[in-house]
Amino acid sequence: FRDVMGRRSYRSYPGRDQINLVDMRPNLFLEERMSYEDAMQSPSIMSIGAELAVSDPYLAFTKLKDPIDDSIPIAKEIIWSFAASNITDTSPAAREKTAEQITKAVNSELSQFGVRVGNLEITELWSRPLQQGALGAN
């Protein structure tokens, strides 16, 4: 507290003031083998590793009961919808670009809760193209 509040004494009033300790260290977030169909309806798999951290402690604790645990389902839903709405490209350059786009999309949603994602990395990505004529075949 010394670095944040400065050196001096502070009075707290337990009946009136509530003190919440916020762990702002990054927490590891893994989503292993998330299966989805991409925009071309090709079955695909993606694994992601990232860090979730509280960026605004006041906002995080006024909007969410447990900021990190409550933001994981939100992040998973955004990642899944982003992956399903794009064509899966497994090249290394496309992986990096996709990771940046996913980071931006997740952060734009989580910013309203005082949480951010960082160091997102796509650790596994593959897609199996559908066979010609297989879609709608009898």
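The following dialogue explains how to read the fold, the sheet, the helices and the core of a predicted model.

Me: On what basis are the values for this model obtained?
Reply: The model is predicted, so local features need pLDDT of at least 70 and side-chain atom pairs count only at pLDDT 80 or more, whereas totals for chains, interfaces and linings use all residues. Residues are numbered from 1 along each chain as its sequence is written, and side-chain values use heavy atoms, with hydrogens and water left out.

Me: How many helices and strands does the protein have, and what pattern do they follow along the sequence?
Reply: Helices (H or I, at least four residues) and strands (E, at least two) are DSSP runs, numbered from the N terminus. Here there are four helices and three strands, and the pattern along the sequence is α-β-β-α-α-α-β.

Me: In what order do the strands form the sheet, and in which sense do they pair?
Reply: Strands of a sheet pair through backbone hydrogen bonds, either parallel or antiparallel. Two strands count as paired if DSSP finds at least two bridges between them. In this protein the three strands form an open sheet in the order 1-2-3, with antiparallel pairing. Strand 1 and strand 3 are the edge strands, each pairing on one side only. Neighbouring strands are turned by 20° against each other on average, direction ignored; the axes behind such angles are lines fitted to C-alpha atoms, for helices over the stretch in contact, and angles run from 0 to 180 degrees between N-to-C directions.

Me: How many bridges join each pair of strands, and which residues stand opposite each other?
Reply: Nine bridges link strand 1 and strand 2, and S35 stands opposite I45 in strand 2. Ten bridges join strand 2 to strand 3, where I48 stands opposite I122 in strand 3. Strand 1 and strand 2 also form a hairpin with five residues between them, and Q41 in the turn has a positive phi of about 60°.

Me: Where do helix 3 and helix 4 lie relative to the strands?
Reply: Contact means heavy atoms within 4.5 Å. Helix 3 lies across strand 1, strand 2 and strand 3, and runs at about 30° to strand 1. Helix 4 lies across strand 2 and strand 3, at about 140° to strand 3.

Me: What span does each of these helices reach?
Reply: The expected span of a helix is 1.5 Å times one less than its number of residues. Helix 3, with 18 residues, reaches 26 Å from its first C-alpha to its last, close to the 26 Å expected. Helix 4, with 19 residues, reaches 27 Å, close to the 27 Å expected.

Me: Which residues of the two helices are buried, and what covers them?
Reply: An α-helix has 3.6 residues a turn, so residues three or four places apart point the same way. Buried means under 20% relative accessible area, exposed over 50%, and partly exposed in between (1.4 Å probe, protein chains only). Among the buried residues of helix 3 are S71, A75, I78, I79 and F82; their cover includes strand 1, strand 2, helix 2 (57–63), helix 4 and strand 3. In helix 4, the buried residues include A99, I102, T103, V106 and L110, and the buried residues of this helix pack against strand 2, helix 3 and strand 3.

Me: What makes up the largest nonpolar core?
Reply: A nonpolar core is a set of buried Ala, Val, Leu, Ile, Met, Phe, Trp, Tyr and Cys residues joined through side-chain atoms within 4.5 Å. The largest has 26 residues, and M46, I79, I102 and V106 have the most contacts inside it. Two or more residues come from each of strand 1 (27–37), strand 2 (43–54), helix 3 (67–84), helix 4 (92–110) and strand 3 (115–127). Helix 3 gives the most, with six residues. Leaving out residues up to four places away in sequence, M46 touches residues including I79, A83, I102, I122 and L125.

Me: Is D89, in the loop between helix 3 and helix 4, buried or partly exposed?
Reply: D89 counts as partly exposed because its relative accessibility is 43%. D89 and L125 are 36 residues apart in sequence and 8.3 Å apart in space, C-alpha to C-alpha. Beyond residues up to four places away in sequence, D89 touches A94, R95 and L125.
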